[in-house]
Amino acid sequence: MEKATRCLARATGLAAAAAAGDGPRKRLAVAMVDCLARRLLRHVQAITDALIDPSVYLDRRSVRAARRGFFELSPFPKVAFVVGNRAIVEAVENESLVHVVGMSGPFTQPCQWIQLLHELRRRPEGPPRVVRLTVVHDDGELLAKMEELVSDEAEELGMEFQFHGVVGQLEDLDFSNLRNVLEIKSGEALVVSCTLQLHRLLAADDDAMYSSRSAHLNQMASIAQLQHMAVNSCPSSSGGGSVQYKDDDPYRSPATPLTFVSPPVSTPHFQTPAALASFLSAVRALSPKILVVAEQDADHNGVSFRKRFCEALHHYAAVFDSLDAAAATTSAASRLWSPDERAQVERVVVGEEIKGVLLRDGAHRRERHDRLRQWAARMEMAGFTGVPLSYAAIRKGNDMVRRCGLRRCENKECGGCLLLCWSSRPLYSISAWRPAASRGAGSGSERSEYVHVGAEPDDR
């Protein structure tokens, strides 16, 4: 504790000197130091909950305003929604009964669904006969307001529209009864949109994951030893008969002509926690036309706090920088934002997300962001196959970026998916999926053609 206190004092000094004035680097440094200080006090049980749980000191109105502010200020959720809406419209082409399920939680906004109604109405074949919208959200008042706004817009457009609100969070839903919870009806074309929520289902016992990984590493060491023996005992292949392996394959040595030891079927890196596996299985059973997934693209799911902290520092430096630039650019936002308004978004939305990454551990840590390649592996294992985003969808995303007028904001296509970047650093990913035709080892073969999900060593 003595050493930690000295280090914390030094970190506080570094935060104070991070930047002149009140720049994004300094504000981030203060937030990170605050998390370090709170982490030191976690073992003082009487004050732990008050220091970590945001519900204790953030009222619903402030949270609602900050979430709306993040959507208006940051370019990334707007890009995610226009790309996702386009993918949805394409998936329900010629369908007359359309049911859209929005599982974006606190990041959903009425304008997303209003825009979707307009796109469905502009279809060459005409609008669907009926559009049903089910939204899962933890704010009942917001759901009521959303129903009113979207229903009024549908009436003006002359579209038959039905709204169903589910009050709660994704992880609290009864996945064994998802069809009834979401009021799915037979004969309708179902589409599901899930923005910045799936990672909450990765929560698991980190100690168990670490033990599993240790056992896996021992198995890997045995495999490496056997392969080394194979190299020494087998004559080298020559000419066209040799088998070439990728240098980044962790299971095969490039020098081994024939690998007689098969790798494990799954590794702890790709093991799917029970909650996520149950949810994806339930969604797959509903046979959606498409499942659109948007997630933070960061490595915040590991066991090691040190690595998690370093990754968070770089990731949120880019997030703070993007919000700061957007607040100062009239084309990025509908209006100029005051420092206090921007600070409220940073504190209530981004700051609480940082606390979720750094302060909680084990099954209580819900902010477990991961890279696109890991999500691709999990989706394939769950029986989904990738749907490449169309040229029209990617173009809509690029158009939104240009309208924001932020020079360092860019989209990068990645094997049929989209990475939303700030200064070339990926911050969010967008991908689309549908149930594979059949389960089994080959169910993900189509996806592997355009998304590389090669395993790589990390701290899990």
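A strand here is a DSSP run of E residues, at least two long, and strands are numbered from the N terminus. The close-ups below all come from a predicted model.

**View 1. A189 sits in strand β4.**
Look for A189 in β4, which covers residues 189-195. Is A189 buried or exposed? A189 counts as buried because its relative accessible area is 2%, and the cut-off for buried is under 20%. Now find H99: A189 and H99 are 90 residues apart along the chain, yet their C-alpha atoms are separated by just 5.9 Å. If you skip the neighbours within four places in sequence, A189 is in contact with V92, E95, L97, V98, H99 and K289.

**View 2. Helix α4 runs from residue 60 to residue 73.**
Try a quick length check on this one. With 14 residues at 1.5 Å a residue, α4 should span 20 Å, and its end C-alpha atoms are indeed 20 Å apart, so the two values agree. Which residues of α4 are buried? They are V63, A66, R67, G69, F70, F71 and L73. Among the elements covering these buried residues are the helices α5, α6 (110-121), α11 and α12 (339-358), along with the strands β2 (130-137) and β9.

**View 3. The largest cavity has a volume of about 70 Å³.**
Rolling a probe the size of a water molecule over the atoms shows where empty space is left. In this model, three cavities of 30 Å³ or more turn up. Around the largest cavity you'll find F70, F76, P77, A80, T195, L196, A294, L420, Y428, S429 and I430. Helix α5 (75-91) and strand β9 (425-435) each supply at least two residues of that lining. What kinds of residue line the largest cavity? Sorted by class, there are nine nonpolar and two polar residues, with no charged ones.

**View 4. The largest nonpolar core holds 77 residues.**
Which residues touch the most other members of this core? That would be I354 and I430. Helix α11 (residues 305-327) gives the most to the core, with 10 residues. Zoom in on I354 and, setting aside its neighbours within four places in sequence, you'll see contacts with L28, M32, C35, Y316 and F320. I430 may ring a bell: this residue also appears in the lining of the largest cavity.

**View 5. A second core is separate from the one in View 4.**
This second core has 30 residues. To get your bearings, look for L173, V283, F384 and W433, which are among its members.

Terms used
Residues are numbered from 1 along each chain as its sequence is written. This is a predicted model: local features need pLDDT of at least 70, side-chain atom pairs count only at pLDDT 80 or more; totals for chains, interfaces and linings use all residues. Side-chain values use heavy atoms; hydrogens and water are left out. On a 1 Å grid over the protein atoms alone, a cavity is a set of points where a 1.4 Å probe fits but cannot get out, and a pocket is an open set with protein on both sides within 12 Å along at least five of seven lines; lining residues have an atom within 4 Å of a point. Grid points are joined across faces, edges and corners, and a volume is the space filled by probe spheres set on the points. Helices (H or I, at least four residues) and strands (E, at least two) are DSSP runs, numbered from the N terminus. Ala, Val, Leu, Ile, Met, Phe, Trp, Tyr, Cys and Pro count as nonpolar, Asp, Glu, Lys and Arg as charged, and the others, Gly among them, as polar. A nonpolar core is a set of buried Ala, Val, Leu, Ile, Met, Phe, Trp, Tyr and Cys residues joined through side-chain atoms within 4.5 Å. Buried means under 20% relative accessible area, exposed over 50%, partly exposed in between (1.4 Å probe, protein chains only). Contact means heavy atoms within 4.5 Å. The expected span of a helix is 1.5 Å times one less than its number of residues.
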